[in-house]
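Colleague: Could you take me through this model slowly, one question at a time, and explain each term as it comes up?

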Amino acid sequence: MAFLGTAPARADDISASARGVVRVVTIAVVGDDVVGFGHGSGFAVSPNRIVTNAHVVELADRYPDNVVIGVVPSEGDKSYQGRLIAIDKQRDLALIEFSGIRLAPLTLYSGAPGDGETLIALGYPGNVDVATARSAADFITPQSPVRSQGGYAGLRSLEGTSVLLHTASIARGNSGGPLLDRCGRVLGVNSAITRGDEGDSSFAFAIAGTELAAFLTAAKQPFATVAMPCTSVEEQMALERNADEKARAEADQQSRADAARADAARQDAITQARTRNEAARENFMAGAAVLLVLGALAVGGAGLLLSRDRRREAIWVALGGGVLMIGAVALFLSRPGFDESKVMPMPRASGTPTVPSPIELGRMVCTLVPERSRVTVTAIDTVDLDIGTDGCINGRTQYAEAGTHWQRVLVPDQDQSVSVLDYDPGTRTYTNTRYLLSAEQMKAARALRAEVPIKQCSTDQTARARLATQQQALRAALPPVYNEKLVYRCAAGAGATPKP
């Protein structure tokens, strides 16, 4: 219930991105005296590395022995010491490494914002800090970043660097913080503002995502990117309902077509079997008729022999005729009958195309269906599955029965997300529904996961039933609306190699 109480009423992609936003603090020390203090913002591009502006950590670059870099996450109760590992003063970007905590990395959007598109800035504006901070300790105490919203105003060049011009309100402490689209993907790094002299409107500059990608690539720092346009959860759910109905209709149509083909094949097999049966019966009856005629001739011959006083020969010929007549009756009575319930369709000839069964086992290659998916931060890739009996996936993970589907709720030890993995054998559809949760929500989810009775594949039906019950508890504790939903269509793939 505590987990349920902390779950947001809807998916908030900006809050999900805020988990990876940090305050960057620089403290200049000479001897035992603090002689300088500065702060800005930053965001994670990997679990233990953040990006910020070069001017935020300029003193640390100039005086590495006298300036300490502090990284203050948006969650938790501690701050951590950072180390400058790359800086590009031309682009005004820097990369900082730290340890002691894993952050949720943000994802870069590889597309470009449209004119007037809504953009969101996250960070720690200094004017808010000045108004609310009661002591220096407040600057190194974790707290959620401030968000502001504005519009995209165009692409410009600032001292040779591509920058995004926007109207989201930022202040000095926002330097190094992310500029996001509505789905929480990074478009740029906030770095400067214009002066609003004599009533002029203020604008903000953010280092463009292309410049950030070039900087990270030069620093040999891997980062996540997505190219799919942003759609709202509401829009996606409407598309989803239509797609689900279409998928069910296609599955029903395929099922009816398979049934019609099977019925046609059976009727053809029955017709062929009946023809073969009639031919066999006619052969049996013809044989019986021949035996009967031969038997009658033999009996007639015996009578002729008897009339000529050849009694011994007449007896043997009569016995032979009787045997032939009995054989004729037996052959007639043993003619084959016909029972169409025992007729099976003939196997297809080699090389003839087959129609796959709607329920398949074995290796599958699953490909993303973009029109049915909402992708915000996850890189798109194919998924290889090995579908076993009784919900055993990839030979090691037990899925639980969920109606006609197989389902597993995945709660990782380190990442801040919960995935509901679902395989529908009727439509061969694999779905990964992801919830990007806060640290407190993940702690509660892991506590529920600890009660899951089985992890690996099992033939114990009682244990699988308990797993299904526990999975229901986990699903009930999740927010009612997801952040991401990745829908894959699966097809048989003999060469597929299941992922761990």
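Colleague: Which residues make the nonpolar surface patch of about 370 Å²?

Modeller: Before the answer, please note that this is a predicted model, in which local features need pLDDT of at least 70 and side-chain atom pairs count only at pLDDT 80 or more, while totals for chains, interfaces and linings use all residues. Residues are numbered from 1 along each chain as its sequence is written, and side-chain values use heavy atoms, with hydrogens and water left out. A patch is made of residues with over 30% relative accessible area and no salt bridge (a side-chain nitrogen of Lys or Arg within 4 Å of a carboxyl oxygen of Asp or Glu), with like charges joined within 9 Å and nonpolar side chains (Val, Leu, Ile, Met, Phe, Trp, Tyr) within 5 Å; the areas come from the Shrake-Rupley method with a 1.4 Å probe, and for residues only the protein chains shown count as cover. The residues that make this patch are Met 285, Val 329, Phe 332 and Leu 333.

Colleague: Which helix gives the largest share of the nonpolar patch?

Modeller: Helices (H or I, at least four residues) and strands (E, at least two) are DSSP runs, numbered from the N terminus. Phe 332 lies in helix α7, and with a relative accessible area of 34% this residue is partly exposed, a class that falls between buried (under 20%) and exposed (over 50%), using a 1.4 Å probe and protein chains only. The largest share, three residues, comes from residues 311-333, which form helix α7.

Colleague: Is Asn 53 buried or exposed?

Modeller: Asn 53 sits in the loop between β3 (49-52) and α3 (58-62). Leaving aside residues up to four places away in sequence, Asn 53 touches a set of residues that includes Leu 93, Ser 175 and Ile 207, where contact means heavy atoms within 4.5 Å. Because its relative accessible area is 0%, Asn 53 is buried.

Colleague: How far does the backbone oxygen of Asp 92 lie from a polar atom of the side chain of Asn 53?

Modeller: Asp 92 is among the residues that Asn 53 touches. The distance from the backbone oxygen of Asp 92 to a polar atom of the Asn 53 side chain is 2.9 Å.

Colleague: Why does the salt bridge of Asp 61 and Lys 89 tie together parts that are apart in sequence, and by how many residues?

Modeller: The side chains of Asp 61 and Lys 89 meet in a salt bridge at 3.3 Å, N to O. Asp 61 belongs to helix α3, whereas Lys 89 belongs to the loop between β5 (80-88) and β6 (93-98), so the parts that this pair ties together are apart in sequence by 28 residues.

Colleague: What is the partner of Arg 91 in a salt bridge?

Modeller: The closest N and O atoms of this pair are 2.7 Å apart. Arg 91, in the loop between β5 and β6, is linked to a residue of helix α5 (residues 209-218) that is 120 residues apart. Arg 91 is partly exposed at 21% relative accessible area, whereas its partner is buried at 12%, and that partner is Glu 211.

Colleague: Within what arc do the buried residues of α5 fall?

Modeller: In α5, Gly 209, Glu 211, Leu 212, Phe 215 and Leu 216 are buried. Seen down the axis, these residues line one face of the helix, because the arc, taken from the directions from the helix axis to the C-beta atoms, is 155°.

Technical notes
Polar contact = N/O pair within 3.5 Å; in protein donor to acceptor, adjacent residues only side chain to side chain.
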